Every structure is written in structure tokens, then in C-alpha cells.
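Got your viewer open? Get ready to click through a few selections, one stop at a time.

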Amino acid sequence: MVAFAGVGCSCHIPSAMADIGRQAPKIGGPKGPALDDGGKSSGGGVAVITKQKTGTKQSTQRKEKTDKEKVWRVLLHNDDVHTFEYVTQSIVKVVKTVTRKKAHRITMQAHSSGMATVTSTWKAQAEDYSKGLQVHGLTSSIAPDSSFQSG
């Protein structure tokens, strides 16, 4: 049988109840950065940490580099093997930003004119999209977007 203090038991709980009357320890430093109150401070103030900006030159250089990077088009070439539905579904799966409606328009344009632009993006992403379409069995390539004027 387990008995609790104060519930019909005269047993003594040594250290757990002994701390109730004692004052909590003082944690923290003086209030504020240079408070001189003769050592009478009770501590527990709010600390403010200021951080100076660093790396702004580096981030500016990185932005300039991306601004100068060429835009590439992901091209879809017509084929007589796959159905319109399959090509539309493949585009939507590979290029997540293209809606089903837009993918259908791209498919129809590739069928009627022999080639269509799926999307325009930076080179690495364009390569990934093109490879993704090729994995689905579609004929795809990338080309620099000559209509893009940087700067």
C-alpha cells in the first residue's frame, strides 16, 4: 500500500517538501548591460543580442551572378507514338508548376507545329525537366532562350 503525505499518514517525505519554504536561487546577471546599483541587483533581466550584418557583399555578388545566368527553354518534340493523354500526364508529373490545362495546350502545340516550349528556367533545372520527360519516353531537349534580355 502506498501512502501520501497529508492523507492519513504520519510518514515524513524528507527532501521533496523541504524546498517549499526556501527562496528560489537567483539566476541571471544584472539587468541591462552596465547597471551599477552597488550589487543590489536581483538579476533575471532581459538580454538583448545585436548581430551586425555580415556577408551582404557576398549575397550581392551571388545575386548578380544569378541575374546574369541565361534562361533556358525546355522543348517538347512531337512524336507519333504516345497519346495526347499520356503526354499531358507526363508533363504534369515532371514539371510540377504546369497545370493539366497548360500541359494539354503544350501537347497540342507540339503535335501541330512539331515542337513546343514546356517551361523556361535556369539551365540545371531545364536539364532535370528534360531528362524527366525523356524518362517518360518523350522526346525533349533544352535551348537557350534568345528572347530573354538580362540586365
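Here is a short tour of a pair of helices, a nonpolar core and a serine. Keep in mind as you go that this is a predicted model.

**Stop 1: two helices.** Select residues 84–94, which form helix α2, and residues 100–113, which form helix α3. Their axes are 8 Å apart, and the helices pack at an angle of about 125°. That angle makes α2 oblique to α3. The crossing, where α2 passes α3, is right-handed.

**Stop 2: where they touch.** Now show side chains. On the α2 side, pick F84, E85, V87, T88, Q89, I91 and V92. On the α3 side, pick R100, A103, H104, I106, T107, M108 and H111. Try colouring this contact by residue type: you should get 7 nonpolar, 5 polar and 2 charged residues.

**Stop 3: the core.** Keep I91 and I106 selected, and add L76, V118 and L133: these five have the most contacts inside the largest nonpolar core, which has 17 residues. Which elements give two or more residues to this core? Light up β1 (72–77), α2, α3, β2 (115–121) and α4 (123–135), and you have them.

**Stop 4: around L133.** Zoom in on L133. Leaving out residues up to four places away in sequence, L133 touches V74, S90, I91, V94, V118, L138 and S140.

**Stop 5: a serine in α2.** One of those L133 neighbours is S90, which sits in helix α2. Is S90 buried or exposed? S90 counts as buried, because its relative accessibility is 2% and the cut-off for buried is under 20%. To finish, select what S90 touches, again skipping residues up to four places away in sequence: L133, H136 and L138.

Terms used
Residues are numbered from 1 along each chain as its sequence is written. This is a predicted model: local features need pLDDT of at least 70, side-chain atom pairs count only at pLDDT 80 or more; totals for chains, interfaces and linings use all residues. Side-chain values use heavy atoms; hydrogens and water are left out. Axes are lines fitted to C-alpha atoms, for helices over the stretch in contact, and angles run from 0 to 180 degrees between N-to-C directions. Helices (H or I, at least four residues) and strands (E, at least two) are DSSP runs, numbered from the N terminus. Angles under 35 degrees count as roughly parallel, over 145 as roughly antiparallel, 65 to 115 as roughly perpendicular and the rest as oblique. A crossing is left-handed if the near helix is turned anticlockwise from the far one by less than a right angle, and right-handed if clockwise. Contact means heavy atoms within 4.5 Å. Ala, Val, Leu, Ile, Met, Phe, Trp, Tyr, Cys and Pro count as nonpolar, Asp, Glu, Lys and Arg as charged, and the others, Gly among them, as polar. A nonpolar core is a set of buried Ala, Val, Leu, Ile, Met, Phe, Trp, Tyr and Cys residues joined through side-chain atoms within 4.5 Å. Buried means under 20% relative accessible area, exposed over 50%, partly exposed in between (1.4 Å probe, protein chains only).
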